[in-house]
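Student: I should like to take a close look at one part of this model and then see how other parts are arranged. Could you guide me through it step by step?

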Amino acid sequence: MNLINEIIERAKADKQRIVLPEGTETRTLQAADQLIGDEVAEIILLGNSQKINILADQLELKNIRKAIIIDPKNHGKKQTYTDLLVELRQSKGMTPEKAAVLVEDPLYLACLMIKNGDADGEIAGAQNTTGDVLRPALQIIKTSPGVSVVSGAFIMFTKTPQYGKDGILIFADCAVMPNPTAEELASIAIASAQTARGIVGIEPRVAMLSFSTKGSARHEMVDKVAEATRIAKEMAPDLLIDGELQADAALVPSVGAGKAPGSAIAGQANVLVFPSLEAGNIGYKLVQRLGDAEAVGPILQGMAAPVNDLSRGCSVDDIYRMVAIAANQAIAVKSKK
């Protein structure tokens, strides 16, 4: 897990402001306490301060009072965020009355804080569904310029060091888009490459996966992947990407050389882009369970600022790591500006 340690150290070296909307959730508080103690990030907790402090005492947490605690129902910038929400969503029918209610929702408040420059990233989902986390993020923060979709990637720590970067690969999309179009799949590929660079610290070699390699099978699903590859190459001419490739052709040098001779990616891929959510979700879970790999994520890609969604079954360690990852994403976003 050297990579996770590197991610944590990068976060410590350039501390970002990460807001946790589920400020009264037990695992979130425990993770926040550790993050503050380890000086990984500046933590902003949303929730009633009295309730948070009572819970912190019950859990014997020592660092929570060093966090910034904001009560969504009562704080000094409530009107500022209400006005901002009206400005952003007026064309969609947002009124001051509706906005005044929504800014008391921690998930909306967290996104408004990021949009207003008062926080750098958000982690939520220990209590809320993916839809609830994504809805305000897409309405307020929106996607990065040139990115049409949000997708979810996993960093896969496998026990096969001959593949990827010493066994580390990026799998996408495994969390968000059920059946992406060719254009959306191309966008997912580019976002996944950015994740590989910004978080894993590797030069991405992207394989667009299919059940066909370079025309070995004919089907409209194969055509979609081939078209997505073409579009991605146009959108990012410097990106090392190829497709369509079967998984073994993407990963195994001897198979890649036989099935896709001359390909710069075949047999050397470290980013695997699946043709659908069905394939991606099944694929990462099979590798995780049958291959005893560790899957870290989902890391939401394509947002203009980091917003990451947790599983409701997440552990304290999961939250800790995702905050460190969000901090690295925020650092990468700032480096582009």
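Tutor: In this predicted model, S151 touches D173, V176, I188, I299, L300 and Q301, leaving out residues up to four places away in sequence. S151 itself lies in strand 5, which covers residues 151-157. Is S151 buried or exposed? With a relative accessible area of 0%, S151 is buried, because buried means under 20%. Two of its partners, I299 and L300, bring us to strand 10, which covers residues 294-301. P298 is also found in strand 10, and the peptide bond that leads from G297 to P298 is cis, with omega near 5 degrees. A second cis peptide bond joins G243 to E244, where omega is near 0 degrees. E244 belongs to strand 8, residues 240-245. As background, most peptide bonds are trans.

Another partner of S151 is I188, and helix 8 runs over residues 182-200. Helix 8 packs with helix 13 at an angle of about 105 degrees, their axes being 9 Å apart. Angles of 65 to 115 degrees count as roughly perpendicular, so helix 8 is roughly perpendicular to helix 13. Which residues of helix 8 and helix 13 meet? From helix 8 they are Q194, G198 and I199, and from helix 13 they are I325, N328, Q329, A332 and K336. By class, this contact of helix 8 with helix 13 has three nonpolar, four polar and one charged residues.

Helix 13 also packs with helix 1, which covers residues 2-13; the angle is about 60 degrees and the axes are 9 Å apart. Helix 1 and helix 13 are therefore oblique to each other. Helix 1 passes helix 13 in a left-handed crossing. Here I4, I7, I8, R10 and A11 of helix 1 make contact with Y320, R321, A324, I325, A327, N328 and I331 of helix 13. The residues of this contact of helix 1 with helix 13 divide into nine nonpolar, one polar and two charged. A general point helps in reading such lists: an α-helix has 3.6 residues a turn, so residues three or four places apart point the same way.

Helix 2, residues 26-38, provides a further contact with helix 13, residues 316-336. The axes of helix 2 and helix 13 come within 8 Å and cross at roughly 50 degrees. That angle makes helix 2 oblique to helix 13. Helix 2 passes helix 13 in a right-handed crossing. In helix 2, the residues R27, T28, Q30, A31, Q34, L35 and D38 meet V316, I319, Y320 and V323 in helix 13. By class, the contact of helix 2 with helix 13 has six nonpolar, three polar and two charged residues. Y320 thus appears in the contact with helix 2 and in the contact with helix 1. Likewise, I325 and N328 take part in the contact with helix 8 and in the contact with helix 1.

Let us turn to helix 4, which spans residues 78-89. Helix 4 has twelve residues and reaches 17 Å from its first C-alpha to its last, close to the 16 Å expected at 1.5 Å a residue. Which residues of helix 4 are buried? They are Y81, T82, L84, L85, V86, L88 and R89. These buried residues of helix 4 pack against helix 5 (96-102), helix 6 (106-115) and helix 7 (130-141).

Helix 7 leads on to K142, which is found in the loop between helix 7 and strand 5. Phi of K142 is near 70 degrees, a positive value in a residue other than glycine. At 38% relative accessibility, K142 counts as partly exposed. E60 likewise has a positive phi, near 60 degrees, and is a residue other than glycine. E60 is found in the loop between helix 3 (49-58) and strand 3 (68-70). E60 is exposed, because its relative accessible area of 63% is over 50%. For context, most residues other than glycine have a negative phi.

Finally, consider G283, found in helix 12, residues 277-290. At 13% relative accessibility, G283 counts as buried. Leaving aside neighbours within four places in sequence, G283 is in contact with F171 and F274. G283 and P180 are 103 residues apart in sequence and 17 Å apart in space, C-alpha to C-alpha.

Definitions and conventions: Residues are numbered from 1 along each chain as its sequence is written. This is a predicted model: local features need pLDDT of at least 70, side-chain atom pairs count only at pLDDT 80 or more; totals for chains, interfaces and linings use all residues. Side-chain values use heavy atoms; hydrogens and water are left out. Helices (H or I, at least four residues) and strands (E, at least two) are DSSP runs, numbered from the N terminus. Buried means under 20% relative accessible area, exposed over 50%, partly exposed in between (1.4 Å probe, protein chains only). Contact means heavy atoms within 4.5 Å. Axes are lines fitted to C-alpha atoms, for helices over the stretch in contact, and angles run from 0 to 180 degrees between N-to-C directions. Angles under 35 degrees count as roughly parallel, over 145 as roughly antiparallel, 65 to 115 as roughly perpendicular and the rest as oblique. A crossing is left-handed if the near helix is turned anticlockwise from the far one by less than a right angle, and right-handed if clockwise. Ala, Val, Leu, Ile, Met, Phe, Trp, Tyr, Cys and Pro count as nonpolar, Asp, Glu, Lys and Arg as charged, and the others, Gly among them, as polar. The expected span of a helix is 1.5 Å times one less than its number of residues.
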